[in-house]
Amino acid sequence: MVSAAFVPSLAMSYLGGMGIGSLSKYRRPFMIGGFVIFAAGALLRWHHGRQLDSMQSAPAAERGPAIAISWHENCVTYACRIAHTRGPECKDMCERAAQGGSPKVQAERIANACNQQCVADEDLTTQCRIECFVSEAARLPK
């Protein structure tokens with residue numbers, strides 16, 4: 001049987017060769033590692049709480065019916081940028097395109113197709129884009 005006096009002396013004989021002072025050189029890496037683990041945990045906890053806050057439902061006043069955007073508004077907002085038109089020229093293009101009714105295809109898609117067509121025809125004028133847009137919108141099913 002091992003005596004109680006023998007256990008501390010066994011531990012001291014094991015650590016005796018190393019010396020307690022030599023462990024102090026590992027103190028800085030352990031402190032830095034502990035801080036990194038702590039900071040990462042705090043950051044993850046903050047991020048998790050932030051994600052949960054964004055999942056909460058909005059007050060009833062902010063919810064409500066979704067507002068649909070008309071084809072004409074979509075044309076003025078997106079298609080005019082792609083067709084490089086502004087102001088009255090843009091509004092005129094969208095009004096002429098929607099004369100026979102609003103097409104079932106988004107105005108942005110029509111403008112992209114016309115832009116590609118004018119590039120393929122090597123006619124980079126705004127007039128090419130406008131005429132293509134109006135003719136394609138009139139040709140599409142309403």
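In helix α6, Arg139 and Glu136 lie three residues apart and are therefore separated by about one helical turn. In this predicted model, the side chains of the two residues meet in a salt bridge, with an N to O distance of 2.6 Å. The partners differ in their accessibility class: Arg139 is exposed, with a relative accessible area of 59%, whereas Glu136 is partly exposed, at 25%. The value for Arg139 places this residue in the exposed class because the class begins over 50% relative accessible area.

Salt bridges that share partners join Asp92, Arg96 and Glu131 into one network. Within this network, Arg96 pairs with Asp92, and the closest N and O atoms are 3.9 Å apart. This distance satisfies the criterion for a salt bridge because the cut-off is set at 4 Å. Arg96 and Asp92 both belong to helix α4, which spans residues 87–97, and their spacing of four residues corresponds to about one helical turn. Arg96 also forms a salt bridge with Glu131, for which the closest N and O atoms are 3.2 Å apart. This second pair connects distant parts of the chain, since Glu131 is located in helix α6 (residues 126–139) and Arg96 in helix α4, with their positions 35 residues apart. The three members of the network are each classed as partly exposed: the relative accessibility is 29% for Arg96, 38% for Asp92 and 36% for Glu131. In total, the structure holds three salt bridges.

Helix α6 also takes part in an aromatic contact. The count of aromatic pairs comes to one. This pair is formed by Trp71 and Phe133, which are stacked, with a centre to centre distance of 6.1 Å and an angle of 20 degrees between the planes. The arrangement is assigned as stacked because planes under 30 degrees apart are placed in that category. The pair links distant parts of the chain, with Trp71 in helix α3 (residues 71–82) and Phe133 in helix α6, 62 residues apart. Trp71 and Phe133 are both buried.

A polar contact was identified for Asn115, a residue of helix α5 (residues 107–120). The side chain of Asn115 makes this contact with the side chain of Arg129, at 2.8 Å. When residues up to four places away in sequence are not counted, Asn115 touches Ile82 and Arg129. Asn115 has a relative accessibility of 19% and therefore counts as buried, the limit for that class being under 20%.

On the surface, a nonpolar patch is formed by Ile32, Phe35, Val36 and Phe38, which together have about 460 Å² of accessible area. Phe38, one of the members of this patch, is found in helix α2, which covers residues 27–55. With a relative accessible area of 60%, Phe38 is exposed, in contrast to the buried aromatic residues Trp71 and Phe133.

Conventions
Residues numbered from 1 in each chain as written. Predicted model: local features only at pLDDT ≥ 70, side-chain atom pairs only at ≥ 80, totals over all residues. Heavy atoms only, no water. Patch = residues over 30% accessible without salt bridge, like charges linked within 9 Å, V, L, I, M, F, W, Y side chains within 5 Å. Areas by Shrake-Rupley, 256 points an atom, 1.4 Å probe, with all protein chains shown as cover. Helix = DSSP H or I, 4+ residues; strand = E, 2+ residues; numbered from the N terminus. Buried < 20%, exposed > 50% of the residue type's maximum accessible area, 1.4 Å probe, protein only. Phe/Tyr/Trp six-rings, centres within 6.5 Å; stacked < 30°, edge-to-face > 60°. Polar contact = N/O pair within 3.5 Å; in protein donor to acceptor, adjacent residues only side chain to side chain. Contact = heavy atoms within 4.5 Å.
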